[in-house]
Amino acid sequence: MLIGTIVKSNSHISYLCRVYGKLEKDDLPRPDQYAFGTFVTLRPDEDSPVRLVGVVRDTLLLNPDYGSLGPRLSSTRDLEVLSPDYLNETGVVVDILVLGSVEGGAARHAVPALAAGIGTPVETVDDEGITAFHQDARGRFLIGYYPQLLARPDPVVASLLLSILERLEPAFPGQRRVINVLKNNLAWKARVLPAG
Amino acid sequence: MEYTKVGTAKGPGDHAHEFLLITPDDDGNCKIGEFVFYTLDAGDSRRNVLGRITRRSPVRLFPDSFMASPEVTPAEVAAAIGYVDDEDELFEVAVTVMGHYDPRLSAFVNPRVLPRSGSPVYLAPSEMLSEVLSKRTVAQRGSAYVGWLLSRGQEDVPVALDVNEFTSTHLSIIAGTGSGKSYLAGVTVEELMKPYNKGCVLIADPHGEYDTLVEMPNKPEFVENGYRPRVKIFRPDQVKVKMSNLGLADLRHLLTTLGERMDWILTEAFNRVQNKMGSAYDGSWTLADLIREVEEVGQEQIDKGADYSSSVYGLVWRLKQRFEHSKSFDDNEHLDLNALFQPGQCTVLQLNEIDQRDQEVIVATLLRRLLYARMGTQKGEIPETDERYIPYPVFVLLEEAHHFAPASGDAVSTPILKQVLSEGRKFGVGVGLISQRPGKLDGDVLSQCMTHFIMRIVNPIDQNSIASAVESVGRDLLDELPALSKGQVVIAGASLNTPVIAQTRTRLTKHGGLSIDAAEEWGRYFADRERRERDSAVVDIRTRRNQLYRDE
């Protein structure tokens, strides 16, 4: 499911994706399809075999009209007829954090060499794709971006990782204990320590 | 030769002769006490500089949180977050440099140059260690093969002590109870009695646990070219000390609670009986002679108007009570020195069943006679026909040495023991002290021993006594003492080129000091009692058989 296109980047691994609006697509994405923790994929280049894999870490709402104290020449209802592109400037932007890449079916949890370009379409990843991304060559559970994310000075990272682990847990029943250790450590850092 | 690399030199350690190395130590080679080496250029050749690992600490460990579940290994957690490597841990290992072995000096020479940072450090091969750690080789004349290097395989690196060193500059065997000190002493005696040593050994055995050494003459390992060691066991009732061999201090020690006046009378009487009969070592005064002198001294005082009668009476009573029916002290009998000490002979004096104070006097007297006999023999003052003529060095092993030289200093044997330890080397009298309580052993006595066998010691007081009295053992080895198992021993001092941790070899004769299997003994006694009761019940039925029907 395509949810939008890249409109800006904050860094090599952090991108802003504008979610498709009314005038851009008939089949608009629902809010739960670009929710916090949703896995997405981006192809840096049409011909590239590499697909970047990222996760929605933040949501921003755009509304240029908010805070504008100038006089209105026409009402909102008239604007739909007279200036529909003006209305299109309001919208939703999601912050995507790139976690790794997939090439030839092999997942790589590290900063990818390639970056996505402006206008790169962003597509959600289904459950099978998520499971495949979290498997090493021997089919064992892998979450190699865990330390990289934890190292970020970002208050939502712990919650993001917890939500990812909870989502992955049913897919790896044989490694539930390992996932539990990671989850518990994270919960301690994210929930207990800040409250102490 | 291809050597095994164990790590990479990091840089200097805490002191001048220490360096640090970094190692993942996957094979577990970097144990404390293990030997490693680095190479140094020496002109046109390379020198292998040996060192001993003294400390090891982790520098990279899994976080504690990875060990949150006993069901999950930290390596599994690390693998889940993308760390897959067999070399999980890294250690910083401190190595104290011993030096390169110089065969001309038969010693290690410290080059005073530490390895360069980044240079490889190798595990010292067993062949190298076999050549340089021990001063002797196994079965060489003057060697005592007591075990092998603990960090290596069985008998890979034999530890062969220099017999000449420990029989002249003395030996101590310090160990907690049940850690194998009597066993190790037995091994040492076996080595002394081997055909390549033909030692002259006496054991003071307060527990009667060395009589199993009588097996030695029947073991093929001890027999060679007509040599077969002799083992003489003196039972407690055969251990005799002649009255005239006792010194004034011995008498005072045996006659406890003497009053001031009694002590004066005894001193006077003792001096007179000594002067009348000559020296204590060739005179032969008896108990009756001493009592007579006591009475004469008393009479002289009475004649002068002083009333000494009650003191004389008390002293005579004490002398008679102590010596008249004593099994250990005799007017005429004693152990001839040349019967006790012969090359190729191991003499065991069993002192069990003998009162502690008597034991001290017996040992003190024996050591005194022995030292003076060796002095006299060396100076040519004792004729060959004399029982005191001993023209060869001797070695005396004292079990429970803290009884004979206690730290409290109240044993009559302490002064002579100290004299033997300080002067014995010149006259060929070596002493081996065995104790389970070094904290209770006189510090001077322990520090006079130049070779030390130290086994498992847990008591911190005992550990501190060893640390203060034994210079040759480093703190790193002392720290290992509580962790040693039965039969494992730290050997340090003059008989080896460097301190080692060794495993005691198996004894050839049976060990006599085994712990009692209490449950086994109880079970056997219970079975015997049941059998006796069953047997007596049969007899009862038989004797009552005729009454059986009548009663009913």
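**Figure 1. One salt bridge is found across the interface of chain B and chain A.** This is a predicted model, so please read each view with that in mind. The bridge can be followed by eye from Arg177(A) to Glu71(B), whose side chains meet with 3.9 Å from N to O. A salt bridge here needs a side-chain nitrogen of Lys or Arg within 4 Å of a carboxyl oxygen of Asp or Glu, so this pair, at 3.9 Å, counts as one. Around the bridge, 12 residues of chain B are in contact with 11 residues of chain A. Together the two chains bury about 960 Å² between them, and carbon and sulfur atoms give 71% of that area. Two residue pairs in polar contact, with both residues at pLDDT 80 or more, are also counted between chain B and chain A.

**Figure 2. Chain A is assigned two domains, domain 1 (2-133) and domain 2 (144-196).** To get your bearings, look for six helices and seven strands in chain A. Starting at the N terminus, these elements follow the order β-β-β-β-α-α-β-β-β-α-α-α-α. The C-alpha trace of chain A spans about 65 × 50 × 30 Å along its principal axes. Within chain A, the centres of domain 1 and domain 2, taken over C-alpha atoms, are separated by 25 Å.

**Figure 3. Domain 1 and domain 2 of chain A meet through contacts that include one salt bridge.** Here 18 residues of domain 1 of chain A are in contact with 14 residues of domain 2 of chain A. The two domains of chain A bury about 1300 Å² between them, with 65% of this area on carbon and sulfur atoms. Asp154(A) and Arg57(A) form a salt bridge, and their closest N and O atoms are 2.9 Å apart. Side chains of opposite charge can pair when their charged atoms come close. The rule also finds three residue pairs in polar contact across the interface of domain 1 and domain 2 of chain A, both residues being at pLDDT 80 or more. On the side of domain 1 of chain A that touches domain 2, the elements giving two or more residues are strand E4 (50-62), strand E5 (91-103) and helix H3 (127-133). Helix H3(A) supplies the largest share of that side, with four residues.

**Figure 4. Trp188(A), Val192(A) and Leu193(A) make a nonpolar surface patch.** The patch covers about 320 Å². To find it, start from helix H6 (residues 176-195) of chain A, where Trp188(A) has its place.

**Figure 5. Domain 2 and domain 3 of chain B are joined by contacts that include three salt bridges.** Chain B is assigned domain 1 (4-132), domain 2 (144-149 + 162-236 + 335-504) and domain 3 (243-323). Between domain 2 and domain 3 of chain B, the C-alpha centres lie 35 Å apart. Their contact takes 14 residues from domain 2 of chain B and 10 residues from domain 3 of chain B. About 1000 Å² is buried between domain 2 and domain 3 of chain B, and carbon and sulfur atoms give 55% of it. In this close-up, the side chains of Arg322(B) and Asp358(B) meet in a salt bridge, at 2.1 Å from N to O. Five residue pairs in polar contact are counted between domain 2 and domain 3 of chain B, with both residues at pLDDT 80 or more.

**Figure 6. Glu18(B) and Arg55(B) form a salt bridge that links distant parts of the chain.** The closest N and O atoms of Glu18(B) and Arg55(B) are 3.4 Å apart. Glu18(B) belongs to strand E2 (residues 18-23) of chain B, while Arg55(B) sits in strand E4 (residues 45-60) of chain B. The two residues are 37 residues apart. For the wider picture, the count of salt bridges over all chains comes to 36.

Terms used. Residues numbered from 1 in each chain as written. Chains lettered and ligands numbered in written order. Predicted model: local features only at pLDDT ≥ 70, side-chain atom pairs only at ≥ 80, totals over all residues. Heavy atoms only, no water. Patch = residues over 30% accessible without salt bridge, like charges linked within 9 Å, V, L, I, M, F, W, Y side chains within 5 Å. Areas by Shrake-Rupley, 256 points an atom, 1.4 Å probe, with all protein chains shown as cover. Domains from an automatic or database assignment. Contact = heavy atoms within 4.5 Å. Buried area = accessible area lost by both parts, 1.4 Å probe. Polar contact = N/O pair within 3.5 Å; in protein donor to acceptor, adjacent residues only side chain to side chain.
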